[in-house]
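Colleague: I'm new to looking at structures like this one. Could you walk me through how to read it?

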Amino acid sequence: MHDEVAPDRGDARPARLVARFQAALLALSVLSCAFVAVELASLWHWKSTEQIVPWIVLGVLVCSGVIVVFNRSRITIAQARLVAPCAIPGALFGVYEHVSANLDTGILNHRYNWAQLPGWEHVWLASTGAVGGTPATAPLVLALAGVLLGLATVGMTPHTTRDDFAQITEADASQAQA
């Protein structure tokens with residue numbers, strides 16, 4: 001028996017894997033934004049100024065992601081890295097607004113003697129959805145979409161364009177046929 005050494009593929013295979021991973025993260029970020037937009041639209045989530053905040057965050061995230069998909073220059077990668085963490089304060093603002101709305105309606109819930117409960121329990125019941133009608137942690141999907149966008153740019157350089165990905169795929173296909 002003799003040991004065979006695998007043929008040298010250079011950096012083609014790891015580069016292809018990284019490019020696919022980045023594309024998947026970008027797609028997940030944009031799809032998360034699209035699904036949140038559908039959910040917000042179905043709830044008519046634009047009746048007050050506070051309800052416009054997630055729409056703004058979604059718009060910025062989607063635009064940033066689409067820009068990176070079509071143009072991977074140094075500046076577009078930098079803007080995506082700058083925009084991605086900005087979704088987190090928007091998401092936390094949404095959590096605050098939802099918990100606050102649940103706290104305001106907590107007294108209407110007849111399962112609990114609201115006046116007798118301590119303040120920390122008011123916050124707990126409002127944040128877990130036991131009282132009120134707004135899902136307290138739902139806005140965190142905005143933060144997730146931002147994190148996915150930021151993770152998609154890890155290791156991304158202006159040199160890794162879609163053309164390079166196509167060339168790597170063609171090189172692997174020709175090696176597989178040989």
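**Confidence, then a pocket**

Modeller: Happy to! This is a predicted model, and among the elements of the protein chain helix H7 (residues 162-177) has the lowest mean pLDDT, 52, while H6 has the highest, 95.

Colleague: How should I read a low value?

Modeller: Where pLDDT is low, the predicted coordinates should not be read in detail. For the protein chain here, the mean pLDDT is 84, and 82% of the residues reach 70 or more.

Colleague: Now the pockets. What volume does the largest pocket have?

Modeller: Its volume is about 510 Å³. Lining this pocket are 23 residues, and those closest to its centre are Leu40, His45, Pro54, His98 and Pro139.

Colleague: Which helices each supply at least two residues of that lining?

Modeller: Those are helix H1 (12-42), helix H2 (53-70), H4 and helix H6 (140-152). The largest share, six residues, comes from H4. By type, the lining of the largest pocket divides into 12 nonpolar, eight polar and three charged residues.

Colleague: Let's pick His98. Is His98 buried or exposed?

Modeller: A residue counts as buried when its relative accessible area is under 20%. His98 has 16% relative accessibility, so His98 counts as buried. You will find His98 in helix H4, which covers residues 87-105.

Colleague: Which residues is His98 in contact with, leaving aside its neighbours within four places in sequence?

Modeller: With that set aside, His98 is in contact with His45, Thr134, Pro135, Ala136 and Pro139. Look back at the pocket now: His45 and Pro139 are also among the residues closest to its centre.

How values were computed. Residues are numbered from 1 along each chain as its sequence is written. This is a predicted model: local features need pLDDT of at least 70, side-chain atom pairs count only at pLDDT 80 or more; totals for chains, interfaces and linings use all residues. Side-chain values use heavy atoms; hydrogens and water are left out. Helices (H or I, at least four residues) and strands (E, at least two) are DSSP runs, numbered from the N terminus. Buried means under 20% relative accessible area, exposed over 50%, partly exposed in between (1.4 Å probe, protein chains only). Contact means heavy atoms within 4.5 Å. On a 1 Å grid over the protein atoms alone, a cavity is a set of points where a 1.4 Å probe fits but cannot get out, and a pocket is an open set with protein on both sides within 12 Å along at least five of seven lines; lining residues have an atom within 4 Å of a point. Grid points are joined across faces, edges and corners, and a volume is the space filled by probe spheres set on the points. Ala, Val, Leu, Ile, Met, Phe, Trp, Tyr, Cys and Pro count as nonpolar, Asp, Glu, Lys and Arg as charged, and the others, Gly among them, as polar. pLDDT is the predictor's confidence in each residue, from 0 to 100.
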